[in-house]
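Here are a few notes on how the helices and strands pack in this one. Have the structure open while you go through them.

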Amino acid sequence: MNIRNVGHSMKYEAECVAMLFFPDEKIVTEQLPDTTPAPTEQEDCIENRFENNVMRVTLCLNGEKTVMEQQVPSTPSSAYEEAEFIMCDLMYQLLCKATGVTSAWGMITGVRPVKLFHRRLDAGKSPEETGKEFSEHFHVSPEKIELALQTARHEAPILKEATDDTFSLYVSIPFCPSRCSYCSFVSHDIASKRAKEILPIYVDKLCEELEEIGKKIKNTGLTLTTVYFGGGTPTILSAEQLDKICTSVEKNFDLSRLKEYTVEAGRPDTITREKLKVLRKHNISRISINPQTLNDDVLVAIGRKHTAQEIVDCFHMAREEGFDNINMDLIAGLPGDTVAGFCSTIDRIIKLDPENVTVHTLSIKRSAKLGASWEERKKALELAQQVGEMVSYAQKNLMENSFMPYYLYKQRNTLGNLENTGYCKKGCEGRYNIYIMDETQTIIAAGGGAVSKLKSNRTGKLERIFNYKYPFEYVEHFDEILKRKNRVVTFFEENRPIPLWEN
C-alpha cells in the first residue's frame, strides 16, 4: 500500500495505522509537492493532504474512492500534534469502512498502551473518564479498555517500588535445544557443533561479567530487587553450569532484599529433576514452563521436540520439587492451531492451576507469507479475527478463574494489532516483567544480546548499554563489553537520587 503525504511530513503514525489493515505488506510513503493532483480510483493508495488548516484523507482501494476531511484547531503549541491525530483518525475510519474490519485497540499501535492509561489516571482522571476518552477518541473496544485499566490497577503498587536506588539483574542464556519456527530472538540451536563448543566458554565469560558488574554496582548504592534468567532456554545448560552461574550471582550481589528470582526453565525437553533441585538450592522463587500450546500437531508444526503430556509431567515434577510460583507461556495464532484448539489449551492450563499464565499473540511475519492482492489481504484479516477470538477467550476465562492481568505490551506486526498479557494469581505478579515493560527501573544485563537500561526517574533520563548480540561476538569482544559497563557508575554519579535533607 502506498501513502502519499501532501503539505506535511507526518509519516510514522500514518504507516502504523495502515499496517493494521495491510499486515505483512510493504507500506511505501511518498512526500509530494502541494501541486500534486488528487489520486484516482485506480491507484490503490491513501493520500493525506494538509492545507489551509484542513486535513483531507483520500482512500482509493479496489476501484473505489472515499474522502474525509476535518478542520485542525489553530493552536500554535499543538497544531502539529492535532493534525497528526486527526489524520490517523480519518485514516482509521475510512479503512474500517472499506475493509469491514476494526481493531480491538483502535488506533493505538504503540508497544506500551497501559502507560497511556497510567498518565491519565496519575493526572487525576477517573477510570470512567479514561475509558470514555479511549473509546471515543481512539476507538478502543470496551474489552481492551477493561483489560488496560485492570492491568494499570494491578501493576501500580509494584511500579512504586521501582525507586532510583533499586535495580534488576538480567542474565542472558541465548541457546536453545532447537529453534522454533516462530522465534525471532537471538538464540542458537545447541545441536550445532559450533554452539556446543562455545557454550562452556560462554558460561565462564558470563560469570566473569557478573563479577565485574557486581564490583561496579557496589559504587552506586543500588539495591538489587529482582533477578531474571532469560534466553533462549536457560535450562539448556547442564545442572553443573546452572549451579556455577547461580553461585556467581550469589557471590557477587547482595540478595538480602531480593523480592523475586526467576529462571525461564522454558521447554520440558530441557528440564530434569536434577536441574530443578539446583534451582531450588539457590532459592529461585519463580520458574517458567512454556508449552506455547497443548496441541501435539501444533507442537510438531512449530518445531518442538516434545509432547503436550511431557509439558504436564514436567509441571507436576516442578511442583514435587517445591516450586509454588510457575508461569506458563501460550501463543495465540500458531501455524495449524484453531480457535477451538487454542481454547482447549486454555482450559487445560487453567486446570493445571499455575500461578502465572502469559498469553502472547503471534507476529504475522512468523506465519504464512501474504501477498498484496485483495483476496490475500482478506485472508490475513480473517486470520487476525480468529486470533482475536482466541485472545478474548483467554482473557475472559483466565479472569473468571482468579487470574488478573498484571503486565501488558504490544509488538509490531502482531496479528490483529493484539497484545501480549501476563496474568497471575493474587500476590504472584512477575515484578521483572512489569519493570522491563514500563521502563521505570534500572535493568543491568549480562550475556550475549543483553541490553542494560539505566533509568533515573528523577531526571527522566533513560540510557541503554548494548552487549554484542551473538555468543561468538560476546566472547570475542568481551573486553569491550566490560569497558561499556563503566557507564553504569558514571550514569549514577550524574543522576544520583537527591537525599531528603537536600530537597
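1. Start with α3 and α5, keeping in mind that this is a predicted model. The axes of α3 (residues 113-122) and α5 (residues 142-159) cross at roughly 70° and come within 9 Å. Angles from 65 to 115 degrees count as roughly perpendicular, so that is how α3 and α5 sit to each other.

2. Who touches whom there? On the α3 side you'll find Val114, Phe117, His118 and Leu121. They meet Ile145, Ala148, Leu149, Thr151, Ala152, Glu155, Ala156 and Leu159 in α5. By type, the contact of α3 with α5 has nine nonpolar residues, two polar and one charged.

3. Next, α7 (residues 239-252) and α8 (residues 273-281): their axes also come within 9 Å, with a crossing of roughly 15°. That makes α7 and α8 roughly parallel, because the cut-off is under 35 degrees. The crossing is right-handed. Ala239, Glu240, Leu242, Asp243 and Cys246 of α7 make the contact with Glu274, Lys275, Val278, Leu279 and Lys281 of α8. The split here is five nonpolar, five charged and no polar residues.

4. Now the sheet. It is open and mixed, with five strands ordered β2-β1-β3-β4-β5. β2 (28-32) and β5 (64-71) are the edge strands, each pairing on one side only. On average, neighbouring strands are turned by 15° against each other, ignoring direction.

5. Zooming in on one pair, β4 (residues 54-61) runs antiparallel to β5 over eight bridges. Arginine 56, for instance, has glutamate 69 in β5 as its bridge partner.

6. Lastly, check α1 (residues 12-21), which lies across β1 (2-6), β2 and β3 (45-51). Relative to β1, α1 runs at about 150°.

Terms used
Residues are numbered from 1 along each chain as its sequence is written. This is a predicted model: local features need pLDDT of at least 70, side-chain atom pairs count only at pLDDT 80 or more; totals for chains, interfaces and linings use all residues. Side-chain values use heavy atoms; hydrogens and water are left out. Axes are lines fitted to C-alpha atoms, for helices over the stretch in contact, and angles run from 0 to 180 degrees between N-to-C directions. Helices (H or I, at least four residues) and strands (E, at least two) are DSSP runs, numbered from the N terminus. Angles under 35 degrees count as roughly parallel, over 145 as roughly antiparallel, 65 to 115 as roughly perpendicular and the rest as oblique. Contact means heavy atoms within 4.5 Å. Ala, Val, Leu, Ile, Met, Phe, Trp, Tyr, Cys and Pro count as nonpolar, Asp, Glu, Lys and Arg as charged, and the others, Gly among them, as polar. A crossing is left-handed if the near helix is turned anticlockwise from the far one by less than a right angle, and right-handed if clockwise. Two strands pair if DSSP finds at least two bridges between them.
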